[in-house]
Amino acid sequence: MLDVKNVKKRFGGIVAVDDVSIKIEKGEIVGLIGPNGAGKSTLINLVSGFYYPNEGRVVFGGEDITWKKPFYRAKKGIARTFQNPRLVGNMTALMNVLYAIICKNGGENLTLHEASAEAIYYLDLFGLLKRRDVLAKDLPIYEMRLLELSRALALKPKLLLIDEAMAGLNPAEAENVSKLITRIREEFDLTIIWVEHVLRILMRSVERVVAMHYGKIIADGTPQEVSRDQKVIEAYIGEEI
Ligand SMILES: Nc1ncnc2c1ncn2[C@@H]1O[C@H](COP(=O)(O)OP(=O)(O)O)[C@@H](O)[C@H]1O
Ligand SMILES: [Mg+2]
């Protein structure tokens, strides 16, 4: 489904993603881990179109999308959440989801009534129905993260990119988010790349883990294999796991 080929992304002197190749098959749920600054978010940005690579290619469903804009990729079935939630703060929870649905459909084949019903459905899925009229900026971080997931899912993606869904949450909230991700994966037949800095919950929620360090992939395997990998253990020395 996704074929990232030798991508490189530089920021001035820093090589944030350094010759990374990774293939993701349809239906996989892949955890992407690595210490702070490893290049995880940059890789997500290269796949979602927020950055373009200096070298390499991004192929999705057989199509070269390396130079396509995020909007185009969203239409093709790539949706994402952000490490720091990017909601429209002065719009309600409902409007944030509705706006995404309307943008994706470009006002075609969907009445406002139908779009609203869809938005409500996706809010409800994440337990946000009673919060529909609250401005996004007034939501606690937990509900912001749920709203981002709800908005991403409302785009009916094939590939969902999650950049730190559990950061800033308490253990019970993080547990609930991971349950919801597992549930939507099955219910909506999703392929998921899930970046997480805290590994405890991630490791038991995914089937494959890819570890990055200094912009390169240092391990790729089952959670058990990767958590025992010497290079991974060394990369995390001095970090809280
Ligand atoms: N927009 C940017 N401008 C300059 N440097 C950046 C930018 N985005 C990321 N970087 C740098 O690239 C490296 C990788 O960052 P990032 O992908 O955010 O890592 P991670 O998500 O794994 O913590 C870091 O050294 C970071 O400072
Ligand atoms: Mg990051």
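**Close-up 1. The shell around ligand 1 in this predicted model.** Here's who sits around ligand 1: F11, I14, A16, G34, N36, G37, A38, G39, K40, S41 and T42. Two elements give two or more residues each to this shell, namely strand β2 (14-24) and helix α1 (40-48). Helix α1 has the largest share, with three residues.

**Close-up 2. The same shell around ligand 1, sorted by residue class.** Split up this way, the shell comes out as six polar residues, four nonpolar ones and one charged one. For orientation, G37, A38, G39 and K40 are among the residues to look for around the ligand.

**Close-up 3. The largest nonpolar core and its best-connected members.** This core takes in 69 residues, and the ones touching the most other members are V47, V97, A119 and W194. As for secondary structure, helix α5 (residues 141-154) chips in the most, giving seven residues to the core.

**Close-up 4. Zooming in on V47.** V47 is one of the core residues that touch the most other members. Leave out anything up to four places away in sequence, and V47 touches L2, V4, V58, I78 and L161.

**Close-up 5. The hairpin of β9 and β10.** Strand β9 (residues 208-213) runs antiparallel to its partner, strand β10 (residues 216-221), and five bridges join the pair. One of the pairings to pick out is H213, whose bridge partner in β10 is K216. Two residues lie between the strands, and in this hairpin Y214 adopts a positive phi near 45 degrees.

How values were computed. Residues are numbered from 1 along each chain as its sequence is written. Chains are lettered from A and ligands numbered from 1 in the order in which they are written. This is a predicted model: local features need pLDDT of at least 70, side-chain atom pairs count only at pLDDT 80 or more; totals for chains, interfaces and linings use all residues. A residue is near a molecule or strand if its C-beta atom, placed from the backbone, lies within 6 Å of it. Helices (H or I, at least four residues) and strands (E, at least two) are DSSP runs, numbered from the N terminus. Ala, Val, Leu, Ile, Met, Phe, Trp, Tyr, Cys and Pro count as nonpolar, Asp, Glu, Lys and Arg as charged, and the others, Gly among them, as polar. A nonpolar core is a set of buried Ala, Val, Leu, Ile, Met, Phe, Trp, Tyr and Cys residues joined through C-beta atoms within 7 Å. A residue is buried if 20 or more other C-beta atoms lie within 10 Å of its own, exposed if 12 or fewer, and partly exposed in between; C-beta atoms are placed from the backbone. Two residues are in contact if their C-beta atoms, placed from the backbone, lie within 7 Å. Two strands pair if DSSP finds at least two bridges between them.
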